[in-house]
Amino acid sequence: MTSLAIKEDNSRLEITLPSTLEAVDRVIIKTTEFITRQGFAINSFTYAYILREALNNAVIHGNRKDESLLIKLTIAIQDTDLVISVCDKGDGFDWRTVIKREQTSPEATSGRGLYSMQQYHFDLSYNDKGNELYLRKKLES
Amino acid sequence: MSHIDRKEGVVTIRPGVDIVASACPNLKKEFIELTSGDNKKLVIDLSGTEMIDSSGLGLLISARNSLTEAGGDEVEIINASADIRQLFMVMRLDNHFTLTE
């Protein structure tokens, strides 16, 4: 099991993880603990769900499960906002086109990751290359 | 391994774990077996499941598609938490499964 590299101060958490789905499971536990410690009244399910989608995309589509490629996750509290970034080593994608797509068909078995982030009202963007995701959501105090 | 119960054309599966990307390969094998036979109805018991991600949603949709193609007529989800029921609504899938409290 490859270890996670974790840096944390009061309002910022940075985790570097290998590109495995098992690492995602472990990161979700760490990040949920961090967000809970911040003292905001949050629905931890929503944040755990969205973080899973962000990290799964980086592992599966970004780094294509190449365990030698690392993913960097940063979570920070900025005023009353939760700010998340996820950077993979992949080639990126045309995210502006993807997020404009219509809702995925109910019969489709994939293609719901970015759609779910929008449905849970996270502000979503990428860098130009499309390999670094930025998410922002206002926290309730 | 999931708990599976068969009775008169109705098969009930209780995975008992989170239905997320890391668990989907093993769960997929079980669901394929359950939806490729003569079962008319599939019941998915989510007792012990706290999280479903989009890979997990894809697995449940795939099971529903397979059951329908094999002549079955219903996938019922029971014992889902409030958060998971909300997820089905947010993702506009609540009309495509029978969600029973």
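**Helix H2 of chain B and the fold of chain A**

Modeller: In this predicted model, helix H2 of chain B, residues 54-69, has 16 residues and reaches 22 Å from its first C-alpha to its last, close to the 22 Å expected at 1.5 Å a residue. Residues are numbered from 1 along each chain as its sequence is written, and local features need pLDDT of at least 70.

Colleague: What makes 22 Å the expected value for H2(B)?

Modeller: The expected span is 1.5 Å times one less than the number of residues, and a helix here is a DSSP run of H or I with at least four residues, whereas a strand is a run of E with at least two.

Colleague: Which residues of H2(B) are called buried, and what do they pack against?

Modeller: Buried means under 20% relative accessible area, with exposed over 50% and partly exposed in between, for a 1.4 Å probe and protein chains only; among the residues of H2(B) that qualify are B:Leu57, B:Leu60, B:Ile61 and B:Arg64. The buried residues pack against elements of chain A, helix H2 (44-62) and helix H4 (113-119), together with elements of chain B including strand E3 (41-45) and helix H3 (82-90), where contact means heavy atoms within 4.5 Å.

Colleague: Why is chain A called as compact as a globular protein of its length?

Modeller: Chain A has four helices and six strands. Its radius of gyration is 15 Å, close to the 14 Å that the globule rule gives for 141 residues, so the description holds; the radius is taken over C-alpha atoms, and the rule is 2.2 Å times the number of residues to the power 0.38.

Colleague: How much of chain A is buried?

Modeller: Buried residues make up 48% of its 141 residues.

How values were computed: Chains lettered and ligands numbered in written order. Predicted model: local features only at pLDDT ≥ 70, side-chain atom pairs only at ≥ 80, totals over all residues. Heavy atoms only, no water.
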